[in-house]
Amino acid sequence: MVQYRFTPNSKIPQKGAFILSPNHYSEIDPIVIGAMTWHMGRLPRFMAKASLFKIPVVKWLLNASGQIPVDRSGIIGSTGDGNPMGAAAELIQRDACVIIYPEGSLTRDPDLWPMRGKSGAVRLALEGGIPIYPVAHWGTQELMPRYGKKIRPFPRKRITIAIGDPLDLSEFEGQHIDQKTVTRATEKLMNEIAKLLSELRGEEAPETRWNPSARGQSETGRFGGEPTEPTERTGE
């Protein structure tokens with residue numbers, strides 16, 4: 001159904017805790033990226049809504065498969081308590097490869113470029129000293145378009161994947177991890193993802209990330225089409 005093609009320098013650690021942060025433009029992305037991670041020798045872990053951990057049977061299944069709860073604000077914690085250091089310690093203890101989509105939902109960019117990111121993935125990396133790898137994939141939209149309801153397995157689809165080097169967060173070492181610091185680091189992550197995607201697509205990525213709020217769009221859930229009035233792209 002799917003043929004993966006990796007760029008020459010794509011690799012992930014074979015041991016130790018780390019974060020993969022991919023672009024997100026199709027509802028089948030988690031399956032595609034999860035299968036990719038398994039193919040590369042690591043068991044993928046995902047973030048699941050903390051509310052699901054309150055449902056007895058679902059809670060057991062999520063815990064048994066090693067999934068990590070995240071609350072509605074995007075804060076990660078082992079008990080949904082919003083404690084990033086506790087979540088970081090849990091990931092390290094589990095020796096986990098965790099996949100976190102920094103955009104939080106499918107991109108609103110009409111050309112499927114990464115949009116403005118949320119801070120959860122980078123905050124976890126900064127607080128816990130966990131390496132975070134930017135990831136880009138392209139071709140998944142042929143398997144299932146954004147908000148598509150059906151998988152299109154035939155003819156066989158090729159998905160190209162680029163995994164970058166761990167994000168260099170050294171400029172933030174020793175700084176107080178406040179919202180300003182996390183925002184700057186998140187912008188750096190999204191720019192690296194856009195750069196990787198640009199190489200896969202053979203196109204120049206936009207200089208700035210799509211900002212849904214500046215376009216009158218919600219940042220979660222489905223949205224009803226593109227805005228009619230052009231507005232400046234901004235990462236603010």
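Where does Tyr 147 lie? I looked this up before anything else and found Tyr 147 in the loop between H5 and E7. I note at the outset that the model is predicted.

**Entry 1. Backbone outliers**

For Tyr 147 I read a positive phi of about 65 degrees, although this residue is not a glycine. I then checked its cover: Tyr 147 is buried, with a relative accessible area of 16%. The cut-off for buried is under 20%.

Leu 112 was the next non-glycine I looked up, and its phi is positive as well, at about 65 degrees. I placed Leu 112 in the loop between strand E5 (97-99) and H4. Its relative accessibility of 15% makes Leu 112 count as buried.

I also recorded two glycines that follow helices. Gly 41, just after H1, takes a positive phi of about 100 degrees. Gly 129, just after H4, has a positive phi of about 65 degrees.

Returning to the loop that holds Tyr 147, I looked up its proline. Pro 155 is placed between helix H5 (140-143) and strand E7 (157-163). The peptide bond joining Phe 154 and Pro 155 is cis, and I noted an omega of about -5 degrees.

**Entry 2. Nonpolar cores**

Which residues have the most contacts inside the largest nonpolar core? I listed Ile 19, Leu 91, Leu 126, Ile 132 and Leu 169, in a core of 21 residues. Helix H4 (120-128) and helix H6 (179-201) are the elements that give two or more residues to this core.

I followed Leu 126 further. Leaving aside neighbours within four places in sequence, I found Leu 126 in contact with Leu 169, Phe 172, Ile 177, Val 182 and Ala 185.

A second, separate core has 18 residues, and I noted Met 36, Met 40, Ile 99 and Leu 143 among them.

**Entry 3. Cover of the helices**

I checked H4 residue by residue and found this helix mostly covered, with seven of its nine residues buried. The buried residues are Gly 120, Ala 121, Val 122, Arg 123, Leu 124, Ala 125 and Leu 126.

In helix H1 (residues 29-39), I recorded Asp 29, Val 32, Ile 33, Gly 34, Met 36 and Thr 37 as buried.

I turned next to the surface. Val 57, Trp 60 and Leu 61 make a nonpolar surface patch of about 370 Å². Val 57 lies in helix H2 (residues 56-64). I found Val 57 exposed, with a relative accessible area of 60%.

**Entry 4. Aromatic pairs**

How many aromatic pairs does a search of the whole structure find? I counted three, and I describe two of them here.

In the pair of Tyr 4 and Phe 6, the ring centres are 6.1 Å apart and the planes are at 25 degrees, so I entered the pair as stacked. Tyr 4 counts as partly exposed at 22% relative accessibility, and Phe 6 is partly exposed at 23%.

Phe 18 and Tyr 133 form an edge-to-face pair, with 5.6 Å centre to centre and 75 degrees between the planes. Phe 18 lies in strand E2 (residues 18-22) and Tyr 133 in strand E6 (residues 132-138), so this pair ties together parts that are 115 residues apart in sequence. I found Phe 18 buried, with a relative accessible area of 1%, and Tyr 133 buried at 10%.

**Entry 5. Salt bridges**

I found three salt bridges in the structure. Glu 171, Arg 184 and Lys 188 are linked in a network of them.

Arg 184 pairs with Glu 171, and the closest N and O atoms are 3.3 Å apart. Arg 184 lies in helix H6 and Glu 171 in the loop between E7 and H6, so the bridge ties together parts that are 13 residues apart in sequence. Lys 188 also meets Glu 171 in a salt bridge, at 2.9 Å from N to O. Lys 188 lies in helix H6, so this pair ties together parts that are 17 residues apart in sequence.

I checked the cover of the network. Arg 184 is partly exposed at 35%, Glu 171 is partly exposed at 40%, and Lys 188 is partly exposed at 23%.

The side chains of Arg 201 and Glu 203 meet in a further salt bridge, at 3.4 Å from N to O. Here I found Arg 201 buried, with a relative accessible area of 15%, whereas Glu 203 counts as partly exposed at 38%.

Note on methods: Residues numbered from 1 in each chain as written. Predicted model: local features only at pLDDT ≥ 70, side-chain atom pairs only at ≥ 80, totals over all residues. Heavy atoms only, no water. Buried < 20%, exposed > 50% of the residue type's maximum accessible area, 1.4 Å probe, protein only. Helix = DSSP H or I, 4+ residues; strand = E, 2+ residues; numbered from the N terminus. Patch = residues over 30% accessible without salt bridge, like charges linked within 9 Å, V, L, I, M, F, W, Y side chains within 5 Å. Areas by Shrake-Rupley, 256 points an atom, 1.4 Å probe, with all protein chains shown as cover. Salt bridge = Lys/Arg side-chain N within 4 Å of Asp/Glu carboxyl O. Core = buried A, V, L, I, M, F, W, Y, C linked by side-chain atoms within 4.5 Å. Contact = heavy atoms within 4.5 Å. Phe/Tyr/Trp six-rings, centres within 6.5 Å; stacked < 30°, edge-to-face > 60°.
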